[in-house]
Amino acid sequence: MDPDWKCPNVGRCELFPRLRSEHQLRICLERYCLDEFSKCARYQHARASGTKPPLELLPTGELLPTAPTINSRSDSRPDE
Ligand code: SF4
């Protein structure tokens, strides 16, 4: 049985599945999704703008690091 999620956006939040599955993000799940959802940066963004927040926006307002792409690797060599 699911816990008693407080946030009304649980069903449409793109980050929510990661918060559930990634252990290091669990603190956000417990603090925001299960409790103070009105303080969540994702919730506030959606409410204020009516648009989806960026996928990497954490409830704390910080951004999740994105995986480096081939072109952004510092050890990549220019085309020959
Ligand atoms: S991360 Fe924020 S917007 Fe998403 S479900 Fe949790 S409290 Fe709601």
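Okay, let's start with contacts: taking pairs of residues in the protein that sit at least 6 apart in sequence, 43% of those contacts join residues at least 24 apart. Keep in mind that what you're looking at is a predicted model. The average pLDDT for the protein is 88, and 82% of the residues score at least 70.

So what's in there? You'll find 3 helices and 0 strands, and if you read along the sequence the pattern is simply α-α-α. Among these elements, α3 has the highest mean pLDDT, at 98, while α1 has the lowest, at 94.

Now, burial. The protein has 80 residues, and 18% of them count as buried. Which residues make up the largest nonpolar core? There are 11 in all: C7, C13, L15, L19, C28, L29, Y32, C33, F37, C40 and Y43. Helix α2, residues 26–33, gives the largest share of that core, with 4 residues. As a bit of background, nonpolar side chains in soluble globular proteins tend to be buried together.

Let's stay with α2 for a moment. Its buried residues are C28, L29, Y32 and C33. Why do they end up on the same side of α2? Because they cover an arc of only 100° around the axis. Turn to the face pointing away from that buried side, and you meet the exposed residues R26, I27 and E30.

And what covers the buried residues of α2? Part of the answer is α1, residues 16–21. If you'd like one residue to click on, try L29: leaving aside residues up to four places away in sequence, L29 touches L19, R20 and L34. You've met L19 already, since L19 and L29 are both listed in the core.

Last stop, the ligand. How many residues are around the ligand? There are 14, and the ones that come nearest are C7, C13, C33, C40 and R42. As for the elements, α1, α2 and α3, that last one being residues 41–49, each give two or more residues to the shell. By type, the shell divides into 12 nonpolar residues, 1 polar and 1 charged.

Here's the bit I'd look at on screen: C7, C13, C33 and C40 are among the residues nearest the ligand, and those four cysteines also appear in the core list. C33 turns up once more as one of the buried residues of α2. That's my tour, thanks for listening!

Technical notes
Residues numbered from 1 in each chain as written. Core = buried A, V, L, I, M, F, W, Y, C linked by C-beta atoms within 7 Å. Buried ≥ 20, exposed ≤ 12 C-beta atoms within 10 Å, placed from the backbone. Contact = placed C-beta atoms within 7 Å. Arc of directions from axis to C-beta. Near = placed C-beta within 6 Å. Nonpolar A, V, L, I, M, F, W, Y, C, P; charged D, E, K, R; others polar. pLDDT = per-residue confidence, 0-100.
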